[in-house]
Amino acid sequence: MVVQNSADAGDMRAGVQLEPFLHQVGGHMSVMKYDEHTVCKPLVSREQRFYESLPLAMKRFTPQYKGTVTVHLWKDSTGHLSLVANPVKESREPFKVSTESAAVAIWQTLQQTTGSSGSACALAQWPHAQLARSPKESPAKALLRSEPHLNAPAFSLVEDTNGNQVERKSFNPWGLHCHQAHLTRLCSEYPENKRHRFLLLENVVSQYTHPCVLDLKMGTRQHGDDASEEKKARHMRKCAQSTSACLGVRICGMQVYQTDKKYFLCKDKYYGRKLSVEGFRQTLYQFLHNGSHLRRELLEPILHQLQALLSVIRSQSSYRFYSSSLLVIYDGQEPPERAPGSPHPHEAPQAAHGSSPGGLTKVDVRMIDFAHTTYKGSWNEHTTYDGPDPGYIFGLENLIRILQDIQEGE
């Protein structure tokens with residue numbers, strides 16, 4: 001599906017109000033929720049071309065590409081700022097924000113606490129999210145007063161129309177952090193009516209109740225061919241000082257649902273950069289641990305998909321996935337206990353996309369972020385390579401080996 005520009009650029013109320021994507025665990029570019037099954041992110045031409053020429057064998061390991069959409073900044077009568085996408089068939093009614101949407105509720109409350117002076121750049125004042133200590137305290141106030149720290153749980157308190165708390169949900173604050181930074185940059189560098197193009201991509205966690213997500217930066221090199229000398233040196237230094245150099249993979253973000261405490265344990269990219277090889281292994285173990293026990297049934301389907309991906313990457317000549325990430329996803333909501341006479345939940349057939357054959361527990365392994373990917377035949381490439389990506393393969397092989405060690409109890 002390709003969503004095109006609005007026919008009426010003047011009606012700022014028409015369109016889809018984008019929400020911060022609360023399951024973004026890594027990266028620096030803001031990912032927004034377009035609808036329940038679709039996310040969007042600022043368009044980078046190289047990434048768009050990659051999705052449009054994607055090899056068939058890689059499609060099962062990447063989000064479905066759904067085209068592009070035009071996005072603009074929109075300010076309401078009180079001065080609150082939103083990002084609005086303009087699809088082809090627009091509603092001509094004002095926005096209707098559901099009180100059931102945790103992302104919108106948090107973001108709107110956050111804007112209200114910054115005041116309605118009309119200065120969107122005032123949004124830059126709030127830091128990273130941390131735990132809302134008091135059940136009576138709004139998520140936004142907790143965001144504003146907390147220290148910049150992401151290794152603690154964060155909660156959203158959703159209220160009904162009477163002001164009663166009806167739900168308490170844990171969320172990862174990294175997506176809000178990226179969204180705030182992006183919105184601040186847009187309001188400072190571009191006029192309010194400036195049109196921006198976004199990519200529309202499959203929301204790969206939409207089918208999970210409590211999506212546990214691991215974001216891995218793959219490869220021994222992270223800078224693209226077009227990087228400046230300063231940027232090249234900076235990225236090479238990050239790789240040398242992290243597990244990227246010795247393992248070909250480092251942790252870029254993580255959220256894992258803790259069933260005993262009912263929240264997501266979150267780690268960010270700064271945590272991942274400091275890990276030793278043993279620390280990397282322990283964090284992988286932690287990603288598969290729900291607070292009470294290790295989810296051993298996840299290891300076989302994850303390894304199955306990683307080995308399938310390794311086979312695909314080995315067959316892709318000339319591709320270099322610089323600065324690309326790999327997501328490993330599973331549901332923190334465990335299957336119900338087996339009833340007498342019924343098939344074991346881990347043996348029940350799974351038909352959904354990304355499920356493993358043989359009735360293994362459903363997991364997803366997806367490659368994302370292709371803004372610096374290069375390959376023969378891509379437009380305006382000055383450097384081309386032969387053979388498959390050795391750094392990516394090195395990272396996958398080490399990731400598989402460490403997970404096999406965990407599986408064997410080493």
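# Exercises on a predicted model

An open sheet of 7 strands runs in the order β1-β6-β5-β9-β4-β3-β2, and its pairing is antiparallel. At the edges stand β1 (16–17) and β2 (19–20), each of which pairs on one side only. The model is predicted, and the protein in it has 10 helices and 16 strands.

## Exercise 1: Following strand β5

Task: Work out which strands pair with β5, and how many bridges join β5 to β9 and to β6.

Solution. Begin with the order of the sheet, in which β5 is written between β6 and β9. Next, take the pairing with β9: 6 bridges join β5 to β9, the two strands run antiparallel, and V69 stands opposite F198 in β9. Then turn to the pairing with β6, where 6 bridges again join two antiparallel strands, and where the bridge partner of V71 is A85 in β6. The link between β5 and β6 is a hairpin with 5 residues between the strands, and in the turn G79 has a positive phi of about 95°. Finally, consider the surroundings of β5: because 9 of its 11 residues are buried, the strand is largely enclosed by the rest of the structure.

As a further step along the sheet, strand β9 (residues 195–202) also pairs with strand β4 (residues 38–42), in the antiparallel sense and over 5 bridges. Here the bridge partner of C40 is L200 in β9.

## Exercise 2: Helix α4 beside the sheet

Task: Determine which strands helix α4 lies across, and test whether the span of α4 agrees with its 16 residues.

Solution. First place the helix: α4 (residues 174–189) lies across β2, β3 (32–35), β4, β5 (65–75), β6 (81–86) and β9, and it runs at about 90° to β6. Second, test the span. At 1.5 Å a residue, the 16 residues should span 22 Å, and the end C-alpha atoms are 23 Å apart, which agrees. Third, look at burial along the helix, where the buried residues include W174, L176, L183 and L186, and also H179, Q180 and H182.

## Exercise 3: Salt bridges within helices

Task: Explain why E189 and R185 are separated by about one helical turn, and find the corresponding pair in helix α5.

Solution. Start from a general point: side chains of opposite charge can pair when their charged atoms come close. A second general point is that an α-helix has 3.6 residues a turn, so residues three or four places apart point the same way. Now apply this to α4, where E189 and R185 are about one helical turn apart because 4 residues separate them in the sequence of the helix. Their side chains meet in a salt bridge of 3.4 Å, N to O, and R185, at 35% relative accessibility, counts as partly exposed.

In helix α5 (residues 229–240), the pair is E230 and R234, which are likewise 4 residues apart and so separated by about one helical turn. Their closest N and O atoms are 2.8 Å apart, and R234 is partly exposed, with a relative accessible area of 28%.

## Exercise 4: A network of salt bridges

Task: Decide whether D364 and K362 are buried or exposed, and name the residues with which they form a network.

Solution. Note first that D364 forms a salt bridge with K362, in which the closest N and O atoms are 3.3 Å apart. Then check the accessibility, where the cut-off for a buried residue is under 20% relative accessible area; both D364 and K362 are buried. Lastly, widen the view, since E202, K362, D364 and R366 are linked in a network of salt bridges. The structure as a whole holds 15 salt bridges.

## Exercise 5: The sheet of 5 strands

Task: Identify which strands stand at the edges of the open sheet of 5 strands, and say what this leaves on one side of each.

Solution. Write down the order, which is β12-β11-β10-β14-β15, with antiparallel pairing. The edges are β12 (263–267) and β15 (363–368), each with a single partner strand, so one side of each is left without a neighbour in the sheet. From one strand to the next, the twist averages 15°. Within the sheet, 7 bridges join strand β10 (residues 211–218) to strand β14 (residues 325–331), which run antiparallel, and L214 stands opposite V328 in β14. To finish, add the helix: α9 (residues 299–314) lies across β14 and β15, running at about 35° to β15.

Definitions and conventions
Residues numbered from 1 in each chain as written. Predicted model: local features only at pLDDT ≥ 70, side-chain atom pairs only at ≥ 80, totals over all residues. Heavy atoms only, no water. Pairing = 2+ DSSP bridges. Contact = heavy atoms within 4.5 Å. Axes fitted to C-alpha atoms, helices over the stretch in contact; angles between N-to-C directions. Salt bridge = Lys/Arg side-chain N within 4 Å of Asp/Glu carboxyl O. Buried < 20%, exposed > 50% of the residue type's maximum accessible area, 1.4 Å probe, protein only. Expected span 1.5 Å × (residues − 1).
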